[in-house]
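Please walk me through this structure in the viewer. I would like to know what to select at each stop and what is found there.

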Amino acid sequence: MKPLVVVGASLAGMSAVQSMRSGGYAGPVVVLDSSPEMPHDRPPLSKQVLAGEWDLDRAGLPMARNMSELDVDLRLGVSAVGLDPDSLQLSLSDGSTISAAGIVIATGSVPRQIPGEVPSGVFVLRTGADSLALRDELDRGPERVLVIGAGFIGAEVAATCRGRGLEVTMVEATEVPLQRVLPADLGSFVADLHRNNGVDVRLGVGLDSFLADASGAVRGVTLTDGCEIAAQVVLIGIGAVPEVSWLEDSGLALLPPQEGGGIRCDESLRAAPKVLAAGDCASWPNGSFNGERMRVEQWESALEQGTHAGKQMLFEIGAGEDPGAFSTVPWFWSDQYDAKIQMAGRADPGDEVHVVDGSVAEGRFVALFKRGDECRAALGVNRPRLAIRARMKLAETLAWDSMLELFDQ
Amino acid sequence: MKIKYDRDLCQGHNRCYLLAPELFDVDDDGYAVLLVDGEVPADLQEKANLAADNCPEYAITLVE
């Protein structure tokens, strides 16, 4: 019997496996992952694990806790290097091939790197091993940590380092943190949050070059404005790119970066018959947002898409009901210092912003993003209950008036 | 059926509130609050199962 093959053992892939099993599929399942160890749950890697509060073991993926029940042929350290959607053949990095009954692609994304050679002491943060390597350096008590990029990874690492009592400089190339997502006054809130917690925040400047000592260890950087900053540890947090390069010759449709990147899927996350994608690498028309094509790099979306892909796969092979189209309201949160930042939906810099609860000045607010007569997104800072209720409302309707009613009570 | 919720394990994913708002609320810090004391009403048992199955931190347990 040909197996169902899941490429990627992180949240999306393992959610797909769990969903196939809970859907009653008892046949063979192969799970591949390029990582030699079982991938971890990522949110704690920039927070509790990096802070030294948790052992890495505690940051296991939820569904990996009952791995034996899932009964999978888990092949760690083996990646897929090619896929033929017609024959459902996968070529693997160990030279072998698998003939599959169906394939779920959940290869996620990889951190965007600085081009060229970098000195030692320069880190990215994606995996459990990355988190431990960075933590070891922090344990040595560097005089200053430099964070390049004020996105969520960079901002959380900066906050964790401050929590450890370390001096931190955070450099962001745009004038306002999260400029692609947030309007200027809200983005300034993020910069102020870090400044108020003792971070040296530099906006509108980029990395020019690294400074290294004779042994090749980083000693700081030169910025594009000519400033030199001495630092013994550097974290690069400049985003991620979907890991789909292995599919370039597959014949599957891959989207260019200007169209959001990733694998072009239909509304059911199908890239081809019996070939599905889930998580960071999947782009699909989202029914919750008028069928707009989206690719979402968020925890909850990875879990939901993986779960859907598992059900969809059973339907594709005639072993389950049609789960229908996949739609979701993107949702993430980030904990930085005493601020719980939560966002539902998809904001665009062109949206009108309405603060409908609290105020930016007091650091507790809900902001809604309006385009035409629709509410496109809701951002909550230290307003968790309202933020999640706004998310539930967006799942129901994007109508602006309906959202406002939630805040008129 | 009884439902138990462990605040120490909760990481504030709020999936329980999303799936079973009759059983869970969210407090000011973003953590779940259990709305029923002990016994789950018969008509909410399915939702209780859903909440427990979907808690990524295994903070919700059901006792028959």
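Two strands count as paired if DSSP finds at least two bridges between them. The model on screen is predicted.

**Stop 1: strand E27 of chain A**

Select residues 374–381 of chain A, which form strand E27. Seven of its eight residues are buried, so E27(A) is largely enclosed by the rest of the structure.

Now add residues 339–345 of chain A, strand E24. E24(A) and E27(A) run antiparallel and are joined by five bridges. To see one of these pairings, pick A:Gln342, whose bridge partner in E27(A) is A:Gly380.

Next add strand E26, residues 364–371 of chain A. Seven bridges join E26(A) to E27(A), and this pair is antiparallel too. Here A:Leu368 stands opposite A:Ala378. E26(A) and E27(A) make a hairpin, with two residues between them. In the turn, select A:Gly372: its phi is positive, about 60 degrees.

**Stop 2: the side of chain A that touches chain B**

Show both chains. Six residues of chain A are in contact with eight residues of chain B. On the chain A side, select helix H8, residues 384–396, which gives the most to the contact, with four residues. The side of chain A that touches chain B divides into four nonpolar residues, two charged and no polar.

**Stop 3: a three-stranded sheet**

Return to chain A and select strands E18, E21 and E22. They form an open sheet in the order E18-E21-E22, with mixed pairing. The edge strands are E18 (263–264) and E22 (292–295), each of which pairs on one side only.

E18(A) runs parallel to E21(A) (residues 282–286), and two bridges join them. A:Arg264 has A:Ser283 in E21(A) as its bridge partner. On the other pairing, E21(A) and E22(A) are antiparallel and joined by four bridges; A:Asn286 is partnered there by A:Glu292. Follow the chain through the hairpin of E21(A) and E22(A), which has five residues between the strands. Among these features, look for A:Asn290, which takes a positive phi near 55 degrees.

**Stop 4: a six-stranded sheet**

Which strands form the next sheet, and in what order? Six strands of chain A make an open sheet in the order E3-E2-E1-E7-E20-E19, and the pairing is mixed. Its edge strands are E3 (73–76) and E19 (270–272), each pairing on one side only. From one strand to the next the twist averages 20 degrees.

At the E19 edge, add strand E20, residues 275–277 of chain A. E19(A) and E20(A) pair in the antiparallel sense over two bridges. Pick A:Arg270 to find its bridge partner in E20(A), A:Leu276.

**Stop 5: helices H7 and H1 of chain A**

Keep the six-stranded sheet on display and add helix H7, residues 299–316 of chain A. H7(A) lies across strands E1 (4–7), E7 (102–105) and E20 of chain A, and runs at about 160 degrees to E7(A).

Then select helix H1, residues 11–22 of chain A. The axes of H1(A) and H7(A) come within 7 Å and cross at roughly 40 degrees. That angle makes H1(A) oblique to H7(A), and the crossing is right-handed.

To view the contact itself, select residues on both helices. Those in H1(A) include A:Leu11, A:Met14 and A:Val17, and those in H7(A) include A:Trp299, A:Leu303 and A:Lys311. The residues of the contact of H1(A) with H7(A) divide into twelve nonpolar, eight polar and one charged.

Technical notes:
Residues numbered from 1 in each chain as written. Chains lettered and ligands numbered in written order. Predicted model: local features only at pLDDT ≥ 70, side-chain atom pairs only at ≥ 80, totals over all residues. Axes fitted to C-alpha atoms, helices over the stretch in contact; angles between N-to-C directions. Parallel < 35°, antiparallel > 145°, perpendicular 65-115°, else oblique. Left-handed = near helix turned anticlockwise from the far one by under 90°. Contact = placed C-beta atoms within 7 Å. Nonpolar A, V, L, I, M, F, W, Y, C, P; charged D, E, K, R; others polar. Buried ≥ 20, exposed ≤ 12 C-beta atoms within 10 Å, placed from the backbone.
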